[in-house]
Amino acid sequence: MSERPAIPKPIPKPDELNAEFYEHCAKEKLCFQRCNACRTWRHLPRSMCAKCGSTDWEWEESSGRGRIFSWTVTHQALHPAFAGDVPFAVVVVELEEGVRIVSGLRNLPPGEITLDLPVEVEFERVSEQIALPYFHPR
Ligand SMILES: [Zn+2]
């Protein structure tokens with residue numbers, strides 16, 4: 001009897017502005033939009049600045065360093081591809097630039113996560129075009 005094929009994890013399907021975000025990630029660069037009018041960083045990608053309303057912006061590379069702003073620990077896989085990963089942490093990282101990103105944490109058991117834990121980005125390639133940003137303690 002043959003084993004059932006492994007169920008692949010879902011991966012992002014980039015479109016429009018988030019396609020550019022993932023193009024940077026594929027080059028292992030964590031970049032966010034930055035308003036050219038008021039210099040405010042933002043994430044998720046969007047066409048207008050929430051602070052000043054300007055549509056003039058550019059991509060700028062983040063330091064990739066931040067702190068754990070919040071987290072939750074997943075004990076039940078809601079998608080079968082993640083069944084072998086539980087328990088795992090889903091973290092909100094606040095980067096030095098002030099933007100927050102939802103990600104995963106590597107190299108630390110979920111029970112050892114603390115508020116404001118200093119972290120740094122790393123990338124994991126999940127397809128030819130897609131590399132996902134994760135974080136590890138620094
Ligand atoms: Zn602005």
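This passage walks through the fold, the core, the zinc site and a few backbone oddities of a predicted model.

Start with the overall layout. The protein has one helix and eight strands, and from the N terminus the elements run α-β-β-β-β-β-β-β-β. Its C-alpha trace spans about 60 × 35 × 25 Å along the principal axes. Of the 138 residues, 34% count as buried. Among contacts between residues at least 6 apart in sequence, 52% join residues at least 24 apart.

Five of the strands make an open sheet, in the order 6-5-4-7-8, with antiparallel pairing. Strand 6 (100–104) and strand 8 (131–137) sit at the edges with a single partner strand each, so one side of each has no neighbour in the sheet. On average, neighbouring strands here are turned by 40° against each other, ignoring direction. Helix 1 (residues 16–26) packs on this sheet, where it touches strand 6, strand 7 (118–125) and strand 8. The direction of helix 1 makes about 60° with that of strand 8.

Now for the pairings themselves. Strand 5 (residues 88–95) is joined to strand 6 by five bridges, the two running antiparallel, and Val90 stands opposite Gly104 of strand 6. On the other side of the sheet order, seven bridges join strand 7 to strand 8, again in an antiparallel run. A hairpin takes the chain from strand 7 to strand 8 through five residues, and Arg125 has Ala131 in strand 8 as its bridge partner. Although strand 8 is an edge strand, six of its seven residues are buried, so strand 8 is largely enclosed by the rest of the structure.

What does helix 1 bury? Its buried residues are Leu17, Ala19, Phe21, Tyr22, His24 and Cys25. These pack against strand 1, strand 3, strand 6, strand 7 and strand 8. At the other extreme is Glu16, also in helix 1, which counts as exposed at 70% relative accessibility. Glu16 has a positive phi, near 45°, despite not being a glycine. Just after the helix comes Glu28, whose phi is positive too, near 60°.

The interior comes next. In soluble globular proteins, nonpolar side chains tend to be buried together. In this model the largest nonpolar core has 26 residues, and Leu30 and Phe135 have the most contacts inside it. Helix 1, strand 1 (31–35), strand 5, strand 7 and strand 8 are the elements that give two or more residues to this core. Setting aside sequence neighbours within four places, Phe135 contacts a list of residues that includes Leu30, Val93, Leu95, Ile101, Val119 and Val121. Some polar or charged partners turn up as well, among them Ser103, Arg106 and Glu120.

Val91 gives another view of the inside. This residue lies in strand 5 and is buried, with a relative accessible area of 0%. Beyond four places in sequence, the contacts of Val91 include Ile68, Trp71, Ile101, Val102, Leu105 and Ile113. Ser70 is a contact too; the C-alpha atoms of Val91 and Ser70 are 5.9 Å apart, although 21 residues separate the two in sequence.

Then there is the zinc site. The ion has four protein donors, the SG atoms of Cys35, Cys38, Cys49 and Cys52, at 2.3 to 2.4 Å. Along the chain the donors follow the spacing C-x2-C-x10-C-x2-C. Cys38 belongs to the loop between strand 1 and strand 2 (41–42), while Cys52 belongs to the loop between strand 2 and strand 3 (57–61), 14 residues apart. Why call the site tetrahedral? The four donor atoms subtend angles of 103 to 114° around the zinc ion, which makes the arrangement tetrahedral. For reference, the ideal angle for four tetrahedral donors is 109.5 degrees. Cys38 is partly exposed, with a relative accessible area of 27%, and so is Cys52, at 39%.

Last, some backbone details. Most residues other than glycine have a negative phi, and most peptide bonds are trans. Against that background, a cis peptide bond joins His43 and Leu44, with omega about 10°; Leu44 is in the loop between strand 2 and strand 3. Another cis bond joins Val86 and Pro87, with omega about -5°, and Pro87 is in the loop between strand 4 (65–74) and strand 5. Asp116 has a positive phi, near 70°. This residue lies in the loop between strand 6 and strand 7 and is partly exposed, at 46% relative accessibility.

Notes
Residues numbered from 1 in each chain as written. Predicted model: local features only at pLDDT ≥ 70, side-chain atom pairs only at ≥ 80, totals over all residues. Heavy atoms only, no water. Pairing = 2+ DSSP bridges. Helix = DSSP H or I, 4+ residues; strand = E, 2+ residues; numbered from the N terminus. Axes fitted to C-alpha atoms, helices over the stretch in contact; angles between N-to-C directions. Contact = heavy atoms within 4.5 Å. Core = buried A, V, L, I, M, F, W, Y, C linked by side-chain atoms within 4.5 Å. Buried < 20%, exposed > 50% of the residue type's maximum accessible area, 1.4 Å probe, protein only. Donors = N, O, S within 2.8 Å, 3.2 Å for Na, K, Ca; no water. Tetrahedral: all angles 85-135°; square planar, octahedral: opposite > 155°, others 65-115°.
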